[in-house]
Amino acid sequence: MKKKTFSMRELAVFCRKSAFLFDAGLSITEIMPVLATQSSGRALCAIIFDLHKMIMQGESFSSALRITGAFPAFMCGFIAIGERTARVPEACAKLADYYENRVQTDEELKAAMLYPVIVAVSMLGVLIMAVTFVLPGYSRIFEASDIALPTATIMLLSFSDFFATNAHFVLVGIFIYVVCNICFFRSSLGRAFSSRISLKIPISRQKTNLNIAEALSLLLSSGLGISEAVSTCGKIFDNSIVLNDLQKISSQVDSGVAFWQSLSEISYINPLLAELVRIGEETGKMPESLEKCVKYFQSTYTHNVRRLNKLIEPILTITLGAILAAIMLAIILPTFELATAI
């Protein structure tokens, strides 16, 4: 059975409450029972009780987090940094800020895409109903008449007849297609393909740059070295290409290559990020430079998501409206002709 894992929102709440309880003067062994009683579900409550048990048995906070398998490697690594520097409360507070920003970023994109998806699904439902229930009736009427039908009407009625006759085969075919796609994208080849495609989409590429800048800013501000920060940063990404590139950059930095130079060689990295990293390396103020970069990327990303939403809505509405209009014309024109003939 697959182990329950924390969602991004649950991680933000967990870290925020931990930071608050640390600031209130509680120890880690006192914090865990409090968090368990306030957890949103029995599975998460059980995980936190497991954490408490392992900590009581002598495991460190970061080791216990890692052993449960419910927390991301990035969080475990950052808590370990807090333990090495005796700044676990501050580490929890920074992680809370980080995950809250990630949740906000994801929700902005989901909210922007919600309306277009609802419109598309609604219009698709209308089209299916028209093809399945409305058009067959017109088909029988036109067959009983002697009027010549336009080519568009003939094609539309043929499609309707095919769909009505072979609906079961069409639905089975769609189901098989969906299952095959799911299996493909879960495979290593499919994940590599989706990783490449996502980096070619501008809004997804912007989000990747924002996440890299956020993670590096967080890690470097904790006193971590550049090479280790870049390597740890890779743990937040499901994208195999980004992960491999960050590991490559970490190795290059270890061999003496300037961090900004390694970044600038990656095609999907925003040149501004590489430039601010260069300035940070030269001035010795890398965390501050990255923090400014994060603020700019965040505002730009939010603006572009909202603009994308405003752009998609009219395009989708016009496209689907044009399809419906074409269907209506293909039916109405011969109907008028039939009425005139009568």
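The dialogue below works through helix packing, cysteine pairs and one buried residue in a predicted model.

Q: How are two packed helices described, and at what angle do the axes of helix 1 and helix 2 cross?

A: Two packed helices are described by the angle between their axes and by the distance between those axes. In this model, helix 1 (residues 8-23) and helix 2 (residues 28-37) have axes that come within 10 Å and cross at roughly 135°. Helix 1 and helix 2 are therefore oblique to each other, and their crossing is right-handed.

Q: Which residues in helix 1 and helix 2 meet?

A: From helix 1, Phe-14, Lys-17, Ser-18, Leu-21 and Phe-22 take part, and they meet Ile-28, Ile-31, Met-32, Val-34 and Leu-35 in helix 2. Sorted by class, this contact of helix 1 with helix 2 comprises eight nonpolar residues, one polar and one charged.

Q: At what angle do helix 2 and helix 3 pack, and how far apart are their axes?

A: Helix 2 packs with helix 3 (residues 42-56) at an angle of about 165°, the axes being 8 Å apart. Because angles over 145 degrees count as roughly antiparallel, helix 2 is roughly antiparallel to helix 3. The crossing of helix 2 and helix 3 is left-handed.

Q: Which residues in helix 2 and helix 3 meet?

A: On the helix 2 side the residues are Ile-28, Thr-29, Met-32, Pro-33, Leu-35 and Ala-36, while helix 3 contributes Cys-45, Ile-48, Phe-49, Leu-51, His-52, Ile-55 and Met-56. The residues of this contact of helix 2 with helix 3 divide into eleven nonpolar, two polar and no charged.

Q: How many disulfides are counted, and why is Cys-92 without a bond to Cys-15?

A: A disulfide is counted where two cysteine sulfur atoms lie within 2.5 Å, and by this rule the count is zero. For Cys-92, the closest cysteine sulfur is that of Cys-15, at 5.8 Å, which is too far for a bond. Likewise, the sulfur of Cys-183 is 6.5 Å from the closest cysteine sulfur, in Cys-180, again too far for a bond.

Q: Are Cys-92 and Cys-183 buried or exposed?

A: Cys-92 counts as buried, because its relative accessibility is 2%, whereas Cys-183, with a relative accessibility of 49%, counts as partly exposed.

Q: Where does Asn-211 lie, and which residues does Asn-211 touch?

A: Asn-211 lies in helix 10 (residues 202-221), and, at 6% relative accessibility, Asn-211 counts as buried. Leaving aside residues up to four places away in sequence, Asn-211 touches Arg-102, Ile-236 and Phe-237.

Definitions and conventions. Residues are numbered from 1 along each chain as its sequence is written. This is a predicted model: local features need pLDDT of at least 70, side-chain atom pairs count only at pLDDT 80 or more; totals for chains, interfaces and linings use all residues. Side-chain values use heavy atoms; hydrogens and water are left out. Axes are lines fitted to C-alpha atoms, for helices over the stretch in contact, and angles run from 0 to 180 degrees between N-to-C directions. Helices (H or I, at least four residues) and strands (E, at least two) are DSSP runs, numbered from the N terminus. Angles under 35 degrees count as roughly parallel, over 145 as roughly antiparallel, 65 to 115 as roughly perpendicular and the rest as oblique. A crossing is left-handed if the near helix is turned anticlockwise from the far one by less than a right angle, and right-handed if clockwise. Contact means heavy atoms within 4.5 Å. Ala, Val, Leu, Ile, Met, Phe, Trp, Tyr, Cys and Pro count as nonpolar, Asp, Glu, Lys and Arg as charged, and the others, Gly among them, as polar. Buried means under 20% relative accessible area, exposed over 50%, partly exposed in between (1.4 Å probe, protein chains only).
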